[in-house]
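Please open the structure in your viewer and keep the selection tool handy. We will go from stop to stop, picking residues and looking at what surrounds them.

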Amino acid sequence: MLGRDVVLAAGNAGHEVVGFGHTELDVTDGASVEAKLELERPDVVVNCAAWTDVDGAEEAEDAAMAVNGTAAGHVAAAAAAVGAVIVYVSSDYVFDGSKGAPYVETDQPGPLSAYGRTKLAGEEATAAANNRHFVVRSSWLFGIGGPNFVETMLRLATDHGEVLVVRDQSGSPTYTWHLAYGIVRLIEGIEFGIHHMAAGGACSWYEFAREIFDQAKVECRVLSATTEMLGRPAPRPPYSALASQREHAIELPSWHDGLAAYLSQRTAEREAA
């Protein structure tokens with residue numbers, strides 16, 4: 001989902017881009033990653049590969065760690081070997097959500113879930129393997145290239161006419177097209193280290209669902225529940241909005257604007273098909 005948009009955004013910005021899907025390159029195979037990067041010899045590697053099943057990671061932390069943690073180290077080391085900068089895309093779920101205000105780059109991580117632990121491990125492995133690294137933490141991604149919360153809500157509205165959504169988890173829903181352009185802007189500089197790059201503003205999943213139906217002009221009854229009531233396997237931070245304290249922070253549009261742009265792109269692609 002994000003990888004697709006990064007390839008398009010980088011190409012639009014005039015970069016020569018080579019993209020690999022997971023069927024073309026298994027990032028958990030360090031030797032394959034080394035061989036691929038030795039062949040291509042890029043200037044920058046953007047690692048969008050990720051295990052994103054938050055609940056599934058609770059039952060399969062080793063498998064999630066292999067992708068999000070260990071493989072991130074392979075990719076960063078292989079990039080370093082050819083003199084390339086590495087970008088690792090991380091998550092707001094590296095925080096425990098107890099701060100009660102948006103997290104900035106210097107806040108101490110404290111992941112609650114297996115997924116969060118594996119993403120933090122990926123950050124650390126990337127930094128250890130390549131001094132010229134960007135760690136980009138973002139939040140609640142949605143985009144055309146993959147399954148996401150917006151599509152789930154619209155499907156459930158069609159199938160059932162009502163949805164039950166958690167109200168006590170808040171974050172910054174981020175459109176992958178906006179994030180992709182932010183990443184492309186970032187790699188044109190040398191301000192290495194951790195960058196928070198998420199949509200402006202924050203909302204709960206319940207508020208996000210209501211806005212989805214409002215903007216899409218879809219009739220659907222939206223019911224709310226607490227995290228405890230839903231009983232999901234993975235614990236989640238109650239408030240994980242992100243902000244940047246960097247002097248030259250790359251600010252993305254608001255989550256409202258991201259949703260509007262996504263729905264517009266979704267309509268255009270469906271009409272074109």
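Leaving aside its neighbours within four places in sequence, which residues is Tyr-239 in contact with? Select Tyr-239 and you will find Gly-97, Gly-100, Ala-101, Pro-102, Tyr-103, Ser-170 and Ala-202 in contact with it. Keep in mind as you look around that this is a predicted model.

**Stop 1: around Tyr-239**

Stay with Tyr-239 for a moment and trace the chain on both sides. Tyr-239 sits in the loop between helix 9 (227–230) and helix 10. Its relative accessibility is 23%, so Tyr-239 counts as partly exposed. Now add Ile-250 to the selection and draw a distance between the two C-alpha atoms: the residues are 11 apart in sequence and 22 Å apart in space.

**Stop 2: helix 8 against helix 10**

Next, select residues 205–216, which form helix 8, and residues 255–272, which form helix 10. Two packed helices are described by the angle between their axes and the distance between the axes. Here the axes come within 10 Å and cross at roughly 45°. Helix 8 and helix 10 are therefore oblique to each other, and their crossing is right-handed. To see the contact itself, show side chains for Glu-207, Phe-208, Glu-211, Ile-212, Gln-215 and Ala-216 on helix 8, then for Trp-255, His-256, Leu-259, Ala-260 and Leu-263 on helix 10. Colour the residues of this contact by class and you get 7 nonpolar, 2 polar and 2 charged.

**Stop 3: the nonpolar cores**

Two residues from the last stop, Phe-208 and Ile-212, come back here: with Val-150 and Phe-213, they touch the most other members of the largest nonpolar core, which has 31 residues. Helix 3 (54–59), helix 5, helix 6 (149–160), strand 5 (162–166), helix 8 and helix 10 each supply at least two residues of this core. Apart from it lies another core, of 18 residues, among them Val-6, Ala-10, Phe-134 and Met-197. In soluble globular proteins, nonpolar side chains tend to be buried together.

Centre the view on Val-150. Which residues does Val-150 touch, not counting residues up to four places away in sequence? They are Phe-142, Phe-208, Ile-212, Leu-259, Tyr-262 and Leu-263.

**Stop 4: helix 1 against helix 7**

Now select residues 2–12 for helix 1 and residues 176–187 for helix 7. Their axes come within 8 Å and cross at roughly 50°. Helix 1 and helix 7 are therefore oblique to each other, in a right-handed crossing. On the helix 1 side, show Leu-2, Asp-5, Val-6, Leu-8, Ala-9, Ala-10 and Asn-12; they meet Thr-176, Trp-177, Leu-179, Ala-180, Tyr-181, Ile-183 and Val-184 of helix 7. By class, this contact has 11 nonpolar, 2 polar and 1 charged residues. Val-6 and Ala-10 may look familiar, as they are among the members of the core of 18 residues.

**Stop 5: helix 4 beside helix 5**

Select residues 61–81 (helix 4) and 114–129 (helix 5), whose axes come within 8 Å and cross at roughly 15°. That makes helix 4 roughly parallel to helix 5. Helix 4 passes helix 5 in a right-handed crossing. On helix 4, the residues in the contact include Ala-64, Asn-68, Ala-72 and Ala-76; on helix 5, they include Tyr-115, Thr-118, Gly-122 and Ala-125. In full, the residues of this contact divide into 11 nonpolar, 6 polar and 3 charged.

Zoom in on Asn-68, which is found in helix 4. Is Asn-68 buried or exposed? With 0% relative accessibility, Asn-68 counts as buried. Not counting residues up to four places away in sequence, Asn-68 touches Ala-50, Trp-51, Tyr-88, Tyr-115, Thr-118, Lys-119 and Gly-122.

**Stop 6: two loop residues with positive phi**

Finish with a look at the backbone. Arg-41, in the loop between helix 2 (30–40) and strand 1 (44–47), has a phi near 45°, a positive value in a residue other than glycine. At 45% relative accessibility, Arg-41 counts as partly exposed.

Then jump to Trp-140, in the loop between strand 3 (133–138) and strand 4 (141–142). Trp-140 is not a glycine, yet its phi is positive, about 50°. At 8% relative accessibility, Trp-140 counts as buried.

Terms used. Residues numbered from 1 in each chain as written. Predicted model: local features only at pLDDT ≥ 70, side-chain atom pairs only at ≥ 80, totals over all residues. Heavy atoms only, no water. Axes fitted to C-alpha atoms, helices over the stretch in contact; angles between N-to-C directions. Helix = DSSP H or I, 4+ residues; strand = E, 2+ residues; numbered from the N terminus. Parallel < 35°, antiparallel > 145°, perpendicular 65-115°, else oblique. Left-handed = near helix turned anticlockwise from the far one by under 90°. Contact = heavy atoms within 4.5 Å. Nonpolar A, V, L, I, M, F, W, Y, C, P; charged D, E, K, R; others polar. Core = buried A, V, L, I, M, F, W, Y, C linked by side-chain atoms within 4.5 Å. Buried < 20%, exposed > 50% of the residue type's maximum accessible area, 1.4 Å probe, protein only.
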